[in-house]
Amino acid sequence: MVAESGVVAVFASVGAFGMGFVASAGAVRAREKSRAAARRRASLSGEGLAGSRGGKGISDWVISFVEARSRVAKKRSARPVPPRREEALAQVIRQTGLASSASIAGFLDARLRLALFAAAAGALLGCALSFELAVLLAIAGGLWGFSAPKRALEKRKKERAEELERHLPEMLEVISLGLRSGLSFDRSLDVYLDHFSTLLSRSLASARQQWALGLARRDDALRSVAETYDSALFSRAIESVIRSLRYGSSLAEGLEATAREARASYRALKQEQVAKAPVKMMVPTGTLMLPAMLILVLGPMLLELVGGF
């Protein structure tokens with residue numbers, strides 16, 4: 001009996017230990033998933049994009065520099081900009097989600113300073129070898145610095161549009177489900193905002209609060225959200241919602257059709273990116289791996305030929 005009770009106690013302790021280990025491992029996995037989701041939401045927020053790479057990239061530092069120069073430029077008089085160019089720059093800044101932290105004057109000032117800094121860095125680096133190389137590196141650095149802010153904003157705009165189209169189908173389907181359940185559009189939108197935490201939900205929550213408090217009309221608030229994304233599909237969905245709410249036409253069927261179109265569009269985008277991956281891999285393969293393989297294969301033969309002479 002004593003032996004049997006000892007064996008039972010051992011098995012019970014092992015089982016308890018195993019259950020505790022499994023529970024702790026599950027808790028760790030859940031915590032890591034929540035942290036990863038939080039990092040991704042923070043990386044794609046409108047205030048800043050550190051990226052899901054675990055740190056800031058060059059484009060993120062450039063955007064931070066543009067925001068810093070925008071804060072300084074508010075205290076000074078802005079340089080005159082042609083109206084057409086000003087409108088184009090303002091649209092790009094809006095679609096990157098930086099309308100509240102960046103300005104056209106800050107963008108122009110950051111571009112000039114980056115061009116001068118990169119040109120000076122290239123010239124100093126090239127002076128160590130030759131004057132011609134210093135001139136070439138100065139020109140290359142100046143061109144890179146001049147184009148860096150625009151490329152960083154375009155990259156941020158593209159990432160925001162891709163993140164929007166990833167979550168757009170679920171937003172349309174949740175609202176459509178709420179409408180078919182007898183809820184109004186505002187209550188259906190509240191259901192989505194209460195249960196989803198994405199870049200799109202935060203943008204819509206801000207607009208929802210504006211028209212709920214009477215600070216803006218619902219049509220204007222929805223259109224202002226659509227203007228902050230470079231997505232023609234989202235703009236069409238917003239216009240469809242506005243027309244249906246204004247004229248009383250059926251909204252649920254239109255949202256479901258738009259959700260199917262958005263899902264198909266996002267799938268096609270991902271398939272295109274996958275198809276482009278082998279082509280992009282040819283550049284590092286040709287510039288890094290192929291020369292090393294040629295040296296490894298042809299090196300001994302060249303050495304023998306040189307030794308024979």
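**Exercise 1.** In this predicted model, work out how the residues lining the largest cavity divide into nonpolar, polar and charged, and which helices supply them.

*Solution.* Begin with the character of the lining: the residues around the largest cavity divide into 12 nonpolar, no polar and no charged. Next, put names to them, which gives M171, L172, I175, F185, L189, L204, L222, F234, A237, I238, V241 and L255. Then place them on the chain: helix 5, helix 6 (185-195) and helix 9 each give two or more residues to this lining, and helix 9 gives the most, with 4 residues. Finally, the space enclosed in the largest cavity is about 80 Å³.

**Exercise 2.** Describe the second largest pocket by its volume, its lining and the helices that form part of that lining.

*Solution.* The volume of the second largest pocket is about 360 Å³. Its lining is made up of 13 residues, and those nearest the centre are K158, E162, L269, Q273 and K276. Sorted by character, the lining holds 2 nonpolar, 1 polar and 10 charged residues. Helix 5 (131-180) and helix 10 (252-308) each supply at least two of the lining residues, with helix 5 giving the most, namely 7 residues.

**Exercise 3.** Decide whether S231 is buried or exposed, and find its contacts beyond its neighbours in sequence.

*Solution.* First locate S231, which sits in the loop between helix 8 (218-227) and helix 9 (232-247). Its relative accessibility is 3%, and because buried means under 20%, S231 counts as buried. Once neighbours within four places in sequence are set aside, S231 is in contact with L164 and E165. With E165 there is also a polar contact of 3.3 Å between the side chains.

Conventions: Residues numbered from 1 in each chain as written. Predicted model: local features only at pLDDT ≥ 70, side-chain atom pairs only at ≥ 80, totals over all residues. Heavy atoms only, no water. 1 Å grid on protein atoms, 1.4 Å probe; cavity = no way out; pocket = protein on both sides within 12 Å on 5 of 7 lines; lining within 4 Å. Points joined across faces, edges and corners; volume = space filled by probe spheres on them. Nonpolar A, V, L, I, M, F, W, Y, C, P; charged D, E, K, R; others polar. Buried < 20%, exposed > 50% of the residue type's maximum accessible area, 1.4 Å probe, protein only. Polar contact = N/O pair within 3.5 Å; in protein donor to acceptor, adjacent residues only side chain to side chain. Contact = heavy atoms within 4.5 Å.
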